[in-house]
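Reader: I should like a close look at the second largest pocket of this model, followed by an account of the helix packing and the other empty spaces that accompany it. Please set the answer out as one connected description.

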Amino acid sequence: MGINNKLIEIEKSRNANILFACESGSRAWGFASPDSDFDVRFIYTKPLDWYLSVSEKKDSIDIMDGDFDTVGWELKKQLKLMMKSNIPALEHLFSPIIYKGENDVIKELRAIGLECFSPIKSMFHYLSMSKKYEEKLHKEEIKLKDLFYALRTSFAGKWILENNSLPPVVFEKMLHLVNTDLEKEIRNLMKIKSENGESYMLSKNTKIVNLVSEMIAENNKYAKSLSSGKPNSERINDFLHKTITNENNRRT
């Protein structure tokens, strides 16, 4: 069953309407391995009576089916996360692989996301992730997947320092931040990763591991000097109300 058919099945079985669906993870970042999972992320709405209740209801959908890993967030949950500059919530909106979504909805979600983007909160997210993966890079043999996760998150922090904006989802678009020799070395590693499985191990590349450590140190040094986001709660509430109303009108 293809991804679009799986999304249709989710809508039917969970009584949900999927507004937006995309690929996340290594396939979206541009350094997938042949055996990488499909990490599908989506945003959905529910029927009107779901919202007209004082009781708390489950606002996410999680399905793991073989290599099809799917997580969906109800629209209100998604918007709340965006207001906190939650990086996965923001990154998904700019995925290069979109499975479903109307242009107007995607355009407005992205505009709201950029307003919500907080350089300081996002930097600390990326720092936390890059430090976690850097710890795994000091052995003589390392997992190539770990190296790329450390590279992507440390590059993202460097991007924020230099551009004060949300980093590109596609990893390759950040490579110009380093010199051509390092870029060439990383592109070579990307080729190796594209030809080998997720568990592929390689001898420690000291030059690239040192680059990760240097970027993390630089990101850490200036993180606290960064600015916060400026979410417009009135605009977000209007979008939420309009979207839920429109989607429920379509159901009737």
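**The second largest pocket and its surroundings**

Author: The residues lining the second largest pocket divide into 5 nonpolar, 2 polar and 7 charged. The model is a predicted one, and the space in this pocket amounts to about 350 Å³. Its lining comprises 14 residues, and those nearest the centre are Trp50, Glu56, Glu74, Lys76 and Lys80. Three helices each contribute at least two residues to this lining: H3 (48–51), H4 (75–83) and H11. Of the elements, H4 gives the most, with 3 residues.

Two of these helices, H4 and H11, can be followed further through their packing. In general terms, a pair of packed helices is described by the angle between the axes and by the distance separating those axes.

H4 packs with H6 at an angle of about 35°, and the axes of the two helices are 8 Å apart. On the H4 side the contact is formed by Leu75, Leu79, Met82 and Met83, and on the H6 side by Leu109, Ile112, Gly113 and Cys116. By class, the contact of H4 with H6 holds 7 nonpolar residues, 1 polar residue and no charged residue.

H6 (residues 103–116) also packs with H11 (residues 233–251), here at an angle of about 155° and with the axes 11 Å apart. H6 is therefore roughly antiparallel to H11, and the crossing of this pair is left-handed. From H6 the contact draws on Val105, Glu108, Leu109, Ala111, Ile112, Glu115 and Cys116, while H11 supplies Arg235, Ile236, Phe239 and Lys242. The classes in this contact of H6 with H11 are 7 nonpolar, no polar and 4 charged. Leu109, Ile112 and Cys116 of H6 thus appear in the contact with H4 and also in the contact with H11.

The largest pocket may be set beside the one described above. About 480 Å³ of space lies in the largest pocket. It is lined by 28 residues, and Ser24, Gly25, Trp29, Arg41 and Tyr149 are the closest to its centre. Two or more lining residues come from each of strand E1 (17–24), helix H2 (25–29), strand E2 (38–45), strand E4 (68–74), helix H5 (87–93), helix H7 (119–134) and helix H8 (144–163). The lining of the largest pocket divides into 11 nonpolar, 8 polar and 9 charged residues.

Two of the contributing helices, H7 and H8, pack with each other at an angle of about 155°, with their axes 8 Å apart. H7 and H8 are therefore roughly antiparallel to each other, and their crossing is left-handed. H7 enters the contact through Pro119, Ser122, Met123, Tyr126, Met129, Ser130, Tyr133 and Glu134, and H8 through Asp146, Tyr149, Ala150, Arg152, Thr153, Ser154, Ala156, Gly157, Ile160 and Leu161. In the contact of H7 with H8 there are 10 nonpolar, 5 polar and 3 charged residues. Tyr149, one of the residues closest to the centre of the largest pocket, is also part of this helix contact.

Enclosed space remains to be considered. As a general matter, rolling a probe the size of a water molecule over the atoms shows where empty space is left. The structure holds 1 cavity of 30 Å³ or more, and the volume of the largest cavity is about 50 Å³. The residues that line the largest cavity are Arg41, Phe42, Ile43, Val71, Gly72, Trp73, Gln78 and His92. E2 and E4 are the elements that give two or more residues to that lining. By class, the lining of the largest cavity has 4 nonpolar, 3 polar and 1 charged. Arg41 lines this cavity and is also among the residues closest to the centre of the largest pocket.

Key. Residues are numbered from 1 along each chain as its sequence is written. This is a predicted model: local features need pLDDT of at least 70, side-chain atom pairs count only at pLDDT 80 or more; totals for chains, interfaces and linings use all residues. Side-chain values use heavy atoms; hydrogens and water are left out. Axes are lines fitted to C-alpha atoms, for helices over the stretch in contact, and angles run from 0 to 180 degrees between N-to-C directions. Helices (H or I, at least four residues) and strands (E, at least two) are DSSP runs, numbered from the N terminus. Angles under 35 degrees count as roughly parallel, over 145 as roughly antiparallel, 65 to 115 as roughly perpendicular and the rest as oblique. A crossing is left-handed if the near helix is turned anticlockwise from the far one by less than a right angle, and right-handed if clockwise. Contact means heavy atoms within 4.5 Å. Ala, Val, Leu, Ile, Met, Phe, Trp, Tyr, Cys and Pro count as nonpolar, Asp, Glu, Lys and Arg as charged, and the others, Gly among them, as polar. On a 1 Å grid over the protein atoms alone, a cavity is a set of points where a 1.4 Å probe fits but cannot get out, and a pocket is an open set with protein on both sides within 12 Å along at least five of seven lines; lining residues have an atom within 4 Å of a point. Grid points are joined across faces, edges and corners, and a volume is the space filled by probe spheres set on the points.
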